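Visitor: I would like a close look at one part of this model. Please keep it brisk, and set that part in its surroundings.

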Amino acid sequence: MIQTEFKVRRGNIMPDLTNLKFDIRIEEFILIFLRRMEKDEYFFDKGGREYNGLVYILEGSSEYTFLDKKVILKAGDLLSIPQGCVYQMKPLSDPYRYYYLDYSTAVPSPFGNRAYHFKNPEVIRSAFDHLNTIFMQKRPGYLLHCRSVLYNILYEVYRNESAETVLNKKYKKIESAVEFLIQNYTDCSISIPMLAEITGLSEPHFRLLFREVYSVPPAKYLNLLRIERAKDLLRSRDKYRIEAIAEMTGYSSLYYFSSAFHRETGMSPSQYRRSSQING
């Protein structure tokens, strides 16, 4: 079974669909450069790159030769080249235009040496154009601004890759039910057969997919949504009565709410309220 990590924000529980705690920390943004090359030119970095690099092709095509492979790039493609990499590049068309940028990270970049292809390359193109403008203008704080845009580019690369994972495909099948739950979890009439019907899946298949994506049954997920909302209300300065909170979070009775809350938190609603006031 695929295990996923829960992320709780503002009462909504979402899965880490990539099954990875993926992260990258940019230490320094070095430069970005827009370059044009003719077909009879070539570039050879025999000493190995000093920094991590990204290459985005604007026009034409090129061939990158590494120690273990060759990569053909065309307009709209992006190439990640890690620090220390030895390679040779030659244009395959005339004209050939591309952006390249250098950046350093505290630890080796997780992107490695590979090419990326995008369904919507104009998003990446726009980000590189924006990044180049920021770097050329060099207004106060421009390096900080450059790092923020680079983070967005790297995130788009990561999101593009993770979009086709097996887990994400399974999530797409139950997404309509998840969205319905997030919008209506306080409705005490919600049932698992109802959610399965929303997705068009049989109830057993729905339960199976839901558990594979979230690592918990749909009923458990629904209860967690309600408990997170109840915590917010118990911490609220409005001092709602606990009976009212039970009703506001979709529980049919105070007894059922108190039992479910204690099972998930180890405290009664009243104890949790007192604890949050002390710690707050």
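What percentage of the 280 residues of the protein count as buried? And which residues have the most contacts inside the largest nonpolar core? Take me through that core closely.

Guide: Start with the whole. This is a predicted model. Of its 280 residues, 42% count as buried. The secondary structure comes to nine helices and eleven strands. The exposed surface is about 15,600 Å². Carbon and sulfur atoms supply 50% of that surface. Sequence-distant contacts figure strongly here: among contacts between residues at least 6 apart in sequence, 72% join residues at least 24 apart.

Now the core. In soluble globular proteins, nonpolar side chains tend to be buried together. The largest nonpolar core in this model has 27 residues. Leu54, Leu78 and Phe128 have the most contacts inside it. Five elements each supply at least two of its residues: β3 (26–37), β5 (52–59), β10 (96–105), α1 (121–137) and α2 (142–162). The top contributor is α2, which gives seven residues.

Take the strands next. β10 is mostly covered, with eight of its ten residues buried. It pairs with β3, antiparallel, through ten bridges. In that region Ile32 stands opposite Leu101 of β10. β10 also pairs with β5, again in the antiparallel sense, over seven bridges. Look for Tyr56, which stands opposite Tyr99 of β10. So β10 has pairings with both β3 and β5, by the rule that two strands pair if at least two bridges are found between them.

One polar residue of β10 deserves a stop. Ser104 is found in this strand. Ser104 counts as buried because its relative accessibility is 11%, and the cut-off is under 20%. Leave aside its neighbours within four places in sequence. Ser104 is then in contact with Arg25, Ile26, Glu27, Glu28, Tyr51 and Asn52.

Now α1. This helix has 17 residues. From its first C-alpha to its last, α1 reaches 25 Å, close to the 24 Å expected at 1.5 Å a residue. Its buried residues are Ile124, Ala127, Phe128, Leu131, Asn132, Ile134 and Phe135. They cover an arc of only 160° around the axis, so they sit on the same side of α1. The general background is simple: an α-helix has 3.6 residues a turn, so residues three or four places apart point the same way. What do the buried residues of α1 pack against? They pack against β3, β5, β8 (78–81), β10 and α2. Lys138 follows α1, and its phi is positive, near 50°.

Return to Leu78, one of the residues with the most contacts inside the core. Not counting residues up to four places away in sequence, Leu78 touches Leu54, Val55, Tyr56, Arg114, Ala115, Tyr116, Phe118, Ile124, Phe128 and Val157. Two of the names in that list, Ile124 and Phe128, are buried residues of α1. Leu54 and Phe128 are also among the residues with the most contacts inside the core.

What lies beyond? After Leu78 and its contacts, another core lies apart from the largest one. This second core has 21 residues, among them Tyr171, Ile182, Leu209 and Tyr214.

Helix α5 (residues 203–214) is a good way to reach this second core. Its twelve residues should span 16 Å at 1.5 Å a residue, and its end C-alpha atoms are 16 Å apart, which agrees. In α5, Phe206, Leu209, Phe210, Val213 and Tyr214 are buried. Seen down the axis, they fall within an arc of 110°, so they line one face of the helix. Just after α5, Ser215 takes a positive phi of about 65°.

Lys173 in helix α3 (residues 166–184) is worth a glance too. At 47% relative accessibility, Lys173 is partly exposed. Its contacts beyond four places in sequence are Thr199, Leu201 and Leu209. Lys173 and Thr199 are 26 residues apart along the chain, yet their C-alpha atoms are separated by 6.7 Å.

End at Thr249, in the loop between α7 (242–248) and α8 (254–265). Thr249 is buried, with a relative accessible area of 0%. Residues up to four places away aside, Thr249 touches Tyr185, Thr186, Arg226, Arg229, Ala230, Leu233 and Phe257.

Key. Residues numbered from 1 in each chain as written. Predicted model: local features only at pLDDT ≥ 70, side-chain atom pairs only at ≥ 80, totals over all residues. Heavy atoms only, no water. Helix = DSSP H or I, 4+ residues; strand = E, 2+ residues; numbered from the N terminus. Expected span 1.5 Å × (residues − 1). Buried < 20%, exposed > 50% of the residue type's maximum accessible area, 1.4 Å probe, protein only. Arc of directions from axis to C-beta. Contact = heavy atoms within 4.5 Å. Core = buried A, V, L, I, M, F, W, Y, C linked by side-chain atoms within 4.5 Å. Areas by Shrake-Rupley, 256 points an atom, 1.4 Å probe, with all protein chains shown as cover.
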